[in-house]
Amino acid sequence: MLVPIFTLKLNHKINPRMVAVGKYDGTHPCLTAATQAGKVFIHNPHARSQRFSTNRLVQSSHDSDISLLNINQNVSCLTAGVLDPQLGCDSLIVGTQTNLLAYDVHNNSDLFFKEIADGANAVVLGSLGEIPSPLAIIGGNCALQGFDCRGNDVFWTVTGDNVRSLALCDFNGDGKKELLVGSEDFDIRVFKEDEIVAEMTETETITAMCPMYASRFGYALSNGTVGVYERMSRYWRIKSKNLAMSIHAFDLNSDGVCELITGWSNGKVDARSDRTGEVIFKDNFSSSIAGVVEGDYRMDGKTQLICCSVDGEVRGYLPSSQETAGSLMDTSVEQELVRELSQKKQNLLLELKNYQENSKQGELRLQVSDPDGQMGVIPANTQLQTALSVNMGSDLQPAHVELSISTSNDTIIRAVLIFAEGIFEGESHVVHPSAQHLTGRIRVPICPPKDVPVDLHIKAFVGYRSSVQFHVFELTRQLPRFSMYVLGNPATTPEPSSHVTFTINERVQRVVLWLNQNFLLPEDTEVQSAPFQICFTSLRDSGTLLLNMKPNGEITLRTDDVDLAGDIIQSMATFLAIEDLPVEANFPKYFDQLRKVLGKVDDSHSVHQKLTADMADQSNLIRSMLVQAEDSRLMRDMKNMKNRYTELYDLNKDLINRYKIRCNNHTELLNNLKCVNQAIQRAGRLRVGKPKAQVITACRDAIRSNNINALFRIMRVGATPS
């Protein structure tokens with residue numbers, strides 16, 4: 001369905017995930033990519049008469065079609081698109097770990113150059129929500145920033161962890177774009193401007209995302225998984241032993257629906273159906289894929305799919321014609337239908353064969369007077385039952401949640417397969433008892449690392465001890481979100497020093513229903529009416545959680561874990577459909593740690609400024625010393641020349657040492673800024689709706705003005721709308 005139409009071999013190594021196509025003069029598409037030498041190359045075969053020779057953009061000495069943009073830092077992200085609609089052409093956006101450059105390639109000038117404290121790990125360019133102008137949105141150290149064409153910081157918010165991928169997509173179908181954020185904490189968060197409207201938890205870091213059509217988008221993980229979401233529902237996913245380096249949505253069969261194109265680390269490129277994930281096209285490169293983009297690169301009115309490898313090989317593909325695509329699609333549908341029917345036929349034949357084998361085994365046992373009298377076919381009323389409970393563990397095994405799987409009669413369970421995301425290594429777990437330990441009950445210990453609801457997909461092989469073939473039972477059981485918390489005794493449990501307080505307008509029965517759905521409560525637990533108090537102990541760290549509700553709807557959560565408090569508030573708000581929820585919070589231990597971190601941030605800024613000034617002075621001194629040494633050489637004053645070069649060597653060595661100190665200081669600053677951004681995000685998660693957005697905005701304003709007292713007051717009592 002894709003026809004290769006051109007191949008290029010560029011003499012530049014390309015960084016993975018840093019490839020774009022931009023029309024920098026408004027007409028001619030140019031392939032743009034970051035190189036491993038801190039440069040960006042722009043391949044423009046359309047306007048060979050246009051040449052650049054300035055300090056930023058210079059002509060390549062190897063290829064007349066390539067211009068090189070000197071960044072002088074390692075490029076961390078790159079994109080191209082319309083940033084200033086009045087220019088009538090695309091702009092180039094280049095991010096590093098310290099700066100963001102918006103560049104007008106055609107006029108060879110900077111649109112803006114910004115220092116970015118949180119770094120730029122990912123960038124996306126486009127319109128967000130109701131913000132009128134296009135934005136260059138970067139994701140860095142737990143923070144998101146959006147800049148307009150003049151470099152104004154018009155959008156800012158925080159997220160849970162370091163950002164690794166960004167995409168703009170009309171997630172909720174309202175005609176406006178939402179921001180999809182993939183981060184290192186395995187979460188995909190959807191921002192409607194600065195408000196989180198959805199969260200999906202994956203099994204690894206989200207390395208790439210791309211909009212497909214409507215509210216459907218593709219994603220890739222760092223463990224080789226690619227898939228497609230329709231809003232919050234996963235359509236399909238596949239997992240490979242190779243890594244997905246780049247994904248892109250492209251309509252390769254001209255049916256108006258985009259397929260998911262994936263470039264892999266082994267050099268393979270494949271296209272998969274958006275509905276099923278079935279491969280419908282594939283090709284191979286000799287090295288890892290660096291990027292997959294699209295553009296009318298031949299200027300013939302047809303959009304090509306362009307794939308680039310890390311070695312600089314570029315191939316362009318053209319979709320088949322509408323008529324050819326239609327016939328191919330008809331043939332593909334017919335083949336798929338035949339394949340499905342053939343598979344069903346094989347399954348039915350295999351099932352029939354199993355029944356016949358079981359029948360023969362039963363007849364044979366009757367003939368030889370089998371003392372068990374057990375037929376191969378299990379009773380028709382056999383059921384598979386599951387139960388979840390808390391096991392407090394022992395010296396040999398830590399406390400955990402226990403899944404009990406049992407049959408309803410004297411049949412035995414030969415093996416159990418459990419599929420669950422984020423719990424077991426490899427997402428699956430197999431229990432296969434030895435022949436001496438076969439029973440009708442199997443217990444499986446479960447220790448979920450995070451407080452998220454998980455579906456346990458269970459397959460059990462059930463039969464008799466002498467069975468050769470077994471019946472497969474399949475069922476799904478959901479593990480409650482807060483299953484790692486066991487009911488405790490408030491009288492004997494130490495009370496946490498931290499708490500959050502809020503008021504809801506809900507009946508106590510609704511809160512109790514939420515408790516039953518999200519915690520593993522014993523069956524004899526009874527909560528009749530407010531006021532009530534319930535106590536839990538964490539199986540992970542023995543931390544205490546106290547929940548108290550008064551008759552007026554005031555709820556107090558006592559826990560020293562600020563993340564747990566935020567998770568409970570968000571879970572309760574979702575269950576009770578609460579749109580706006582102001583909260584008062586006090587976490588003295590956490591706030592003391594944050595105050596120390598803020599002090600370290602100030603120290604790091606002071607050290608950075610001092611080191612920068614010292615290095616500038618030393619650089620001037622080196623230049624002066626070099627001139628003096630050269631003057632001495634020209635005057636044949638070898639003694640002075642030798643002294644000057646010795647001093648120059650010592651100065652250079654000192655400059656390198658100071659640079660290392662500055663790098664270490666910058667690393668420490670980034671770690672501390674990450675803690676600050678996470679603190680703001682946690683303060684936001686303690687609220688819901690408008691109060692959440694107000695807290696995040698007010699916290700940033702307080703940090704900008706260096707008003708630390710105001711920052712902690714906002715975190716405690718919330719923010720008043722301006």
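## A cavity beside the helical hairpin

Two helices, α4 (588-634) and α5 (638-685), each supply at least two residues to the lining of the second largest cavity. This is a predicted model, so please read each value below as computed from predicted coordinates. The second largest cavity holds about 50 Å³ of space, and the count of cavities of 30 Å³ or more comes to 2.

Which residues line the second largest cavity? They are Val-562, Ala-585, Phe-587, Tyr-590, Phe-591, Ala-679, Ala-683, Leu-686 and Met-715. By class, the lining divides into 9 nonpolar residues, with no polar and no charged ones.

## Annotated helical spans

The UniProt record, an unreviewed entry, gives the annotation "domain: BBS2 hairpin" to residues 588-685. In the model, that span is 97% helix and 0% strand. The C-alpha atoms at the ends of residues 588-685 are 17 Å apart.

Further along the chain, UniProt lists residues 690-716 as "domain: BBS2 C-terminal helix bundle", again in an unreviewed entry. Here the model has 89% helix and 0% strand, and the end C-alpha atoms of residues 690-716 lie 16 Å apart. Met-715, one of the residues lining the second largest cavity, has a number that falls in this annotated range.

## The GAE span and its sheet

For residues 399-482, UniProt carries the feature "domain: BBS2 GAE" (unreviewed entry). The chain over residues 399-482 is 0% helix and 54% strand, with 14 Å between its end C-alpha atoms. An open sheet of 4 strands has the order β33-β32-β35-β36, and its pairing is antiparallel. At the edges sit β33 and β36, each of which pairs on one side only. From one strand to the next, the twist averages 20°.

Let us walk across this sheet. Strand β33 (residues 428-431) pairs with β32 in the antiparallel sense over 4 bridges. Strand β32 (residues 412-419) also pairs with strand β35 (residues 454-463), antiparallel and over 7 bridges. β35 in turn pairs with β36 over 9 bridges, once more in the antiparallel sense.

Which residues stand opposite Phe-419 in its two neighbouring strands? In β35 the residue opposite Phe-419 is His-457, while in β33 the bridge partner is Ser-428. On the β35-β36 side, Lys-459 has Glu-474 of β36 as its bridge partner.

## A stacked aromatic pair

The structure holds 12 aromatic pairs. One of them joins Phe-482 and Phe-519: their ring centres are 5.2 Å apart and their planes are at 20°, so the pair is stacked.

What does this contact tie together? Phe-482 lies in the loop between β36 (471-479) and β37 (485-487), and Phe-519 in the loop between α2 (508-518) and β39 (532-538), so the pair ties together parts that are 37 residues apart in sequence.

## A sheet that includes β1

Another open sheet has 4 strands in the order β1-β29-β28-β27, with antiparallel pairing. Its edge strands are β1 (2-9) and β27 (289-295), and each pairs on one side only. The twist here averages 20° from one strand to the next.

How many bridges join β27 to β28? There are 6, and β27 runs antiparallel to strand β28 (residues 304-309). Within this pairing, Glu-294 stands opposite Leu-305 in β28. Strands of a sheet pair through backbone hydrogen bonds, either parallel or antiparallel.

## The second largest pocket

β27 appears again among the elements around the second largest pocket, which has a volume of about 1300 Å³. The pocket is lined by 41 residues, and those closest to its centre are Val-19, Thr-79, Val-123, Leu-166 and Met-209. The elements that give two or more residues to its lining are β2 (14-23), β7 (77-81), β11 (122-126), β15 (163-169), β19 (206-213), β23 (244-250) and β27.

Which element gives the most to this lining? That is β2, with 6 residues. In character, the lining of the second largest pocket divides into 25 nonpolar, 11 polar and 5 charged residues. The lining of the second largest cavity, by contrast, has no polar and no charged residues.

Definitions and conventions: Residues are numbered from 1 along each chain as its sequence is written. This is a predicted model: local features need pLDDT of at least 70, side-chain atom pairs count only at pLDDT 80 or more; totals for chains, interfaces and linings use all residues. Side-chain values use heavy atoms; hydrogens and water are left out. UniProt positions are given in the numbering used here, feature names are shortened, and annotations may be inferred rather than shown by experiment. Two strands pair if DSSP finds at least two bridges between them. Axes are lines fitted to C-alpha atoms, for helices over the stretch in contact, and angles run from 0 to 180 degrees between N-to-C directions. On a 1 Å grid over the protein atoms alone, a cavity is a set of points where a 1.4 Å probe fits but cannot get out, and a pocket is an open set with protein on both sides within 12 Å along at least five of seven lines; lining residues have an atom within 4 Å of a point. Grid points are joined across faces, edges and corners, and a volume is the space filled by probe spheres set on the points. Ala, Val, Leu, Ile, Met, Phe, Trp, Tyr, Cys and Pro count as nonpolar, Asp, Glu, Lys and Arg as charged, and the others, Gly among them, as polar. Rings of Phe, Tyr and Trp (its six-membered ring) pair if their centres lie within 6.5 Å; planes under 30 degrees apart count as stacked, over 60 as edge-to-face and the rest as tilted.
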